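Welcome! Let us take a friendly walk through this structure, going from its surface to its interior.

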Amino acid sequence: MNSNFTLAVHSLTYLALLPGRMSTSEAIAESASVHPVRIRRVLSLLKKHGFISSKEGTGGGFILQADPNDVTLWQLYRLTSAGSLSPKCPAANEQCIVGANMETVLSSIFSDAESYMGQYLSSYSIESMVEMVKQTK
């Protein structure tokens, strides 16, 4: 999993706490303690997939378009990190039964693990993230 997943969840949770209001990438970046350019890359991806919209100029920024109840962490994982659990195997010795088959075997196991993780992450929405953030104040 990469940090884009965390930043996507952070950004959408932040925007969900501002229903109907815009926020700048600078404000979101400050909340996440990252450079605004990193947030803008993630926001661009979220905008491209319809989770948010933006307005340029004075009073502009980003606003949540999707219903926070409908956006799951699994959707965001697939968008930002799909396949990141895949094992990175070195060049194999094709003359050895282990070397010739290890990548295939591990890939199958990690693919199954990602599917199980998907089932779990599907049970969490941006709205549930909002509620958990509010409870931990």
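A good place to begin is the outside, where Ile97, Val98 and Met102 make a nonpolar surface patch of about 290 Å². Please keep in mind that this is a predicted model. Ile97 belongs to helix H5, which covers residues 97-121. Its relative accessibility is 67%, and because exposed means over 50%, Ile97 counts as exposed.

Now let us turn inward. In soluble globular proteins, nonpolar side chains tend to be buried together. Here, the largest nonpolar core has 30 residues, and those that touch the most other members are Leu12, Ile39, Leu46, Phe51, Ile52, Leu76 and Ile126. Two or more residues of this core come from each of H1, H2, H3, E2, helix H4 (73-81), H5 and helix H6 (126-135). H1 gives the largest share, seven residues.

Helix H2 deserves a closer look. This helix spans residues 25-32, and its buried residues are Ser25, Ile28, Ala29 and Ala32. Viewed down the axis of H2, they fall within an arc of 100 degrees, so they line one face of the helix. What do the buried residues of H2 pack against? Their partners are helix H1 (3-16), helix H3 (36-48) and strand E2 (61-64).

Ile28 shows this packing at the level of a single residue. It lies in H2, and its relative accessibility of 0% is why Ile28 counts as buried. Leaving out residues up to four places away in sequence, Ile28 touches His10, Ser11, Tyr14, Leu15, Ser23, Ile39 and Leu43. One of these partners, Ser11, is 17 residues from Ile28 in sequence, yet the two C-alpha atoms are 6.3 Å apart in space.

Ile39 can be viewed in the same way. Not counting neighbours within four places in sequence, Ile39 is in contact with Leu7, Ser11, Ser25, Ile28, Ala29, Ala32 and Val34.

Just after H2 comes Ser33, which sits in the loop between H2 and H3. Phi of Ser33 is near 55 degrees, a positive value in a residue other than glycine. Is Ser33 buried or exposed? With 66% relative accessibility, Ser33 counts as exposed.

Here are the accessibility values for three of the residues on our walk:

| Residue | Relative accessibility | Class |
|---|---|---|
| Ile97 | 67% | exposed |
| Ile28 | 0% | buried |
| Ser33 | 66% | exposed |

Methods: Residues numbered from 1 in each chain as written. Predicted model: local features only at pLDDT ≥ 70, side-chain atom pairs only at ≥ 80, totals over all residues. Heavy atoms only, no water. Buried < 20%, exposed > 50% of the residue type's maximum accessible area, 1.4 Å probe, protein only. Helix = DSSP H or I, 4+ residues; strand = E, 2+ residues; numbered from the N terminus. Arc of directions from axis to C-beta. Contact = heavy atoms within 4.5 Å. Patch = residues over 30% accessible without salt bridge, like charges linked within 9 Å, V, L, I, M, F, W, Y side chains within 5 Å. Areas by Shrake-Rupley, 256 points an atom, 1.4 Å probe, with all protein chains shown as cover. Salt bridge = Lys/Arg side-chain N within 4 Å of Asp/Glu carboxyl O. Core = buried A, V, L, I, M, F, W, Y, C linked by side-chain atoms within 4.5 Å.
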